[in-house]
Amino acid sequence: MIFLQDHADGALLKVHAQPKASRTAIVGIHGDSLKIAVQAPPVDSAANEALREKLAELFQLPRSRVLLRSGEKSRKKTFQLLGVPLLKAKEILESKMP
């Protein structure tokens, strides 16, 4: 999975956000990123928070353990999943991919 990278504190996940979608869901792969559609608009960090919430739910983490590392105002973002090793992240995503 090209959109996942190993890191000592938890896996890094590259995300391509699709704001203002009809529902929040993993859509597939977009280039080197996991494409996630979110209902929230890209205003006042609403889409970023919706992505954090979706990832926290997916990886069964508190939202505080899902950190936005880059891309605050871009569709291309990198999140860190604190405490989630790379292999566990792959396993979870493989089970949830469309």
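# A tour from Arg 63 to the core

Select Arg 63 to begin: this residue is partly exposed, with a relative accessible area of 41%, because a value between 20% and 50% falls between buried and exposed. Keep in mind throughout the tour that the structure in the viewer is a predicted model.

**Stop 1: the partners around Arg 63**

With Arg 63 still selected, add Glu 53 to the view, and look for the salt bridge in which the two side chains meet, with a distance of 3.7 Å from N to O. The pair links distant parts of the chain, since Glu 53 belongs to helix α1 while Arg 63 lies in the loop between α1 and β5 (66–70), 10 residues apart. Glu 53, like its partner, is partly exposed, and its relative accessible area is 46%.

Now select Arg 52, which is also found in helix α1. Is Arg 52 buried or exposed? Its relative accessible area is 18%, so Arg 52 counts as buried, given that the cut-off for buried is under 20%. Leaving aside neighbours within four places in sequence, Arg 52 is in contact with Arg 63, Ser 64, Val 66 and Phe 79. Turn the view until the backbone of Val 66 is visible, and you will find that the side chain of Arg 52 reaches the backbone oxygen of that residue at 2.9 Å.

**Stop 2: from the loop to the core**

Stay in the loop between α1 and β5 and select Gln 60, which is found there. Gln 60 is exposed, with a relative accessible area of 72%. If you draw a distance between the C-alpha atoms of Gln 60 and Val 84, the value is 9.8 Å, although the two residues are 24 apart in sequence.

Select Phe 59 next. Not counting residues up to four places away in sequence, Phe 59 touches Leu 13, Leu 81, Val 84, Ala 89, Ile 92 and Leu 93. Nonpolar side chains tend to be buried together in soluble globular proteins. Here the largest nonpolar core has 25 residues, of which Leu 4, Leu 13, Ile 36, Leu 55, Phe 59 and Leu 93 touch the most other members. Colour β2 (12–18), β4 (33–37), α1 (46–59), β6 (76–81) and α2 (86–96), each of which supplies at least two residues of this core. Which of these elements gives the largest share? That share, 6 residues, comes from α1.

**Stop 3: two hairpins**

Show the strands β3 (25–30) and β4, which pair in the antiparallel sense over 5 bridges. To see one of these pairings, select Ile 29 and then its bridge partner in β4, Leu 34. Between the two strands of this hairpin there are 2 residues, and Gly 31 takes a positive phi near 60°.

Move on to β5 and β6, which pair in the antiparallel sense over 4 bridges. Leu 67 stands opposite Gln 80 in β6. This hairpin has 5 residues between its strands, and in the turn you can select Gly 71, whose phi is positive, at about 90°.

**Stop 4: His 16 and its surroundings**

Select His 16, whose place is in strand β2. Its relative accessibility is 11%, so His 16 counts as buried. Not counting residues up to four places away in sequence, His 16 touches His 30, Ser 33, Leu 34, Lys 35, Ile 36, Arg 75 and Lys 76.

**Stop 5: more salt bridges**

From His 16, go to Lys 76 and add Asp 32, with which Lys 76 forms a salt bridge whose closest N and O atoms are 3.1 Å apart. This pair also links distant parts of the chain, with Lys 76 in strand β6 and Asp 32 in the loop between β3 and β4, 44 residues apart. Lys 76 is partly exposed, having a relative accessible area of 45%, and Asp 32, at 25% relative accessibility, counts as partly exposed too.

For a salt bridge inside a helix, select Lys 88 and Glu 91, whose closest N and O atoms are 3.5 Å apart. Why are these two separated by about one helical turn? They are separated in this way because they lie 3 residues apart in helix α2. Lys 88 is partly exposed at 41% relative accessibility, and Glu 91 is partly exposed with a relative accessible area of 48%. To finish, select Lys 14 together with Asp 32 and Lys 76, which are joined into one network by salt bridges that share partners. The count for the whole model comes to 5 salt bridges.

Notes
Residues numbered from 1 in each chain as written. Predicted model: local features only at pLDDT ≥ 70, side-chain atom pairs only at ≥ 80, totals over all residues. Heavy atoms only, no water. Core = buried A, V, L, I, M, F, W, Y, C linked by side-chain atoms within 4.5 Å. Buried < 20%, exposed > 50% of the residue type's maximum accessible area, 1.4 Å probe, protein only. Contact = heavy atoms within 4.5 Å. Pairing = 2+ DSSP bridges. Polar contact = N/O pair within 3.5 Å; in protein donor to acceptor, adjacent residues only side chain to side chain. Salt bridge = Lys/Arg side-chain N within 4 Å of Asp/Glu carboxyl O.
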